[in-house]
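Me: Hi! I have a new model open and would like to talk through its surface, its pocket and its salt bridges. Can you help me with that?

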Amino acid sequence: MSEKFQVGQIIEGTVTGVKPFGAFVSLDGTTQGLVHISHITHGYLADINEAIKVGDQVKVKILSIDSEKGKISLSIKETQEKPKNNSRPQKKEAPTEDFESLMKDFLKFSNDRQADINKRLNR
């Protein structure tokens, strides 16, 4: 493991591989690290391929170095400013109708639908 890399260091790298769990990033000609999918971007990322692809130049922060196993953990999102609108979700407006009237409408719809199904089955 190269001595030139340190935890907390931010450097440029090139994405060399993308897997469902993360992306491999080459830090230099001989050293490679992994950015776990949870460290690609702020917020939820369902498909890593929507955010990153092989050949991309990325800025990464070194999270940890395991010299014995030869593994380096990286983060892209820690090099980016966290979005400000990512605070608490907004409260939804209370429904204008009360629960009883919603249930009454649902029951009527459900009964009408069931009656329609029964008519078709009895033909």
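Me: Let's start with the outside. Which residues make the nonpolar surface patch?
Reply: Happy to help! Phe 99, Met 103 and Phe 106 make a nonpolar surface patch of about 360 Å². Keep in mind that this is a predicted model.

Me: Where does Phe 106 lie?
Reply: Phe 106 lies in helix H1, which covers residues 99–121.

Me: And is Phe 106 exposed or buried?
Reply: Phe 106 counts as exposed, because its relative accessibility is 51% and the cut-off for exposed is over 50%.

Me: Good. Stepping back, what does the secondary structure of the chain come to?
Reply: The chain has one helix and five strands. Reading from the N terminus, the order of the elements is β-β-β-β-β-α.

Me: How much of the chain do buried residues make up?
Reply: Of the 123 residues in the chain, 22% are buried.

Me: On to pockets. What volume does the largest pocket have?
Reply: The volume of the largest pocket is about 160 Å³.

Me: Which residues line the largest pocket?
Reply: The lining consists of Phe 24, Gln 32, Gly 33, Leu 34, His 36, His 39, Leu 63, Gly 70, Lys 71, Ile 72, Ser 73 and Leu 74. Strand S3 (32–36) and strand S5 (71–75) each give at least two residues to that lining.

Me: How do the lining residues divide by character?
Reply: Five residues of the lining are nonpolar, six are polar and one is charged. If you are checking the count, glycine goes with the polar group here.

Me: Nice. Now salt bridges: how many does the count come to?
Reply: The count comes to five salt bridges. One of them pairs Lys 4 with Asp 28, with 2.9 Å between the closest N and O atoms. That pair links distant parts of the chain, 24 residues apart: Lys 4 is in the segment before strand S1 (10–19), and Asp 28 is in the loop between strand S2 (22–26) and S3.

Me: Are those two partners buried or exposed?
Reply: Lys 4 counts as exposed at 51% relative accessibility, whereas Asp 28 is buried, with a relative accessible area of 18%.

Me: Which residue does Lys 61 meet in a salt bridge?
Reply: The side chain of Lys 61 meets that of Glu 78, at 3.6 Å from N to O. Lys 61 is in strand S4 and Glu 78 is in the loop between S5 and H1, so this salt bridge ties together parts 17 residues apart in sequence. Lys 61 is partly exposed at 24% relative accessibility, and Glu 78 is partly exposed at 38%.

Me: What about the helix, where do Arg 120 and Asp 116 lie?
Reply: Both lie in helix H1, four residues apart, which is about one turn of the helix. Their side chains meet in a salt bridge, 2.7 Å from N to O. Asp 116 counts as partly exposed, at 37% relative accessibility.

Me: Switching to contacts in space. Where is Gly 55 placed?
Reply: Gly 55 sits in the loop between S3 and strand S4 (57–66). Its relative accessible area is 42%, so Gly 55 is partly exposed. The C-alpha atoms of Gly 55 and Gly 17 are separated by 8.4 Å, although the two are 38 residues apart along the chain.

Me: And how far apart are Ile 65 and Gln 6?
Reply: In space they are 7.6 Å apart, C-alpha to C-alpha, and in sequence 59 residues apart. Ile 65 lies in strand S4 and is partly exposed, with a relative accessible area of 27%.

Me: Great, that covers what I wanted to go through. Thanks!
Reply: You're welcome!

Notes: Residues are numbered from 1 along each chain as its sequence is written. This is a predicted model: local features need pLDDT of at least 70, side-chain atom pairs count only at pLDDT 80 or more; totals for chains, interfaces and linings use all residues. Side-chain values use heavy atoms; hydrogens and water are left out. On a 1 Å grid over the protein atoms alone, a cavity is a set of points where a 1.4 Å probe fits but cannot get out, and a pocket is an open set with protein on both sides within 12 Å along at least five of seven lines; lining residues have an atom within 4 Å of a point. Grid points are joined across faces, edges and corners, and a volume is the space filled by probe spheres set on the points. Patches are made of residues with over 30% relative accessible area and no salt bridge: like charges are joined within 9 Å, nonpolar side chains (Val, Leu, Ile, Met, Phe, Trp, Tyr) within 5 Å. Accessible areas come from the Shrake-Rupley method with a 1.4 Å probe; for residues, only the protein chains shown count as cover. A salt bridge is a side-chain nitrogen of Lys or Arg within 4 Å of a carboxyl oxygen of Asp or Glu. Buried means under 20% relative accessible area, exposed over 50%, partly exposed in between (1.4 Å probe, protein chains only).
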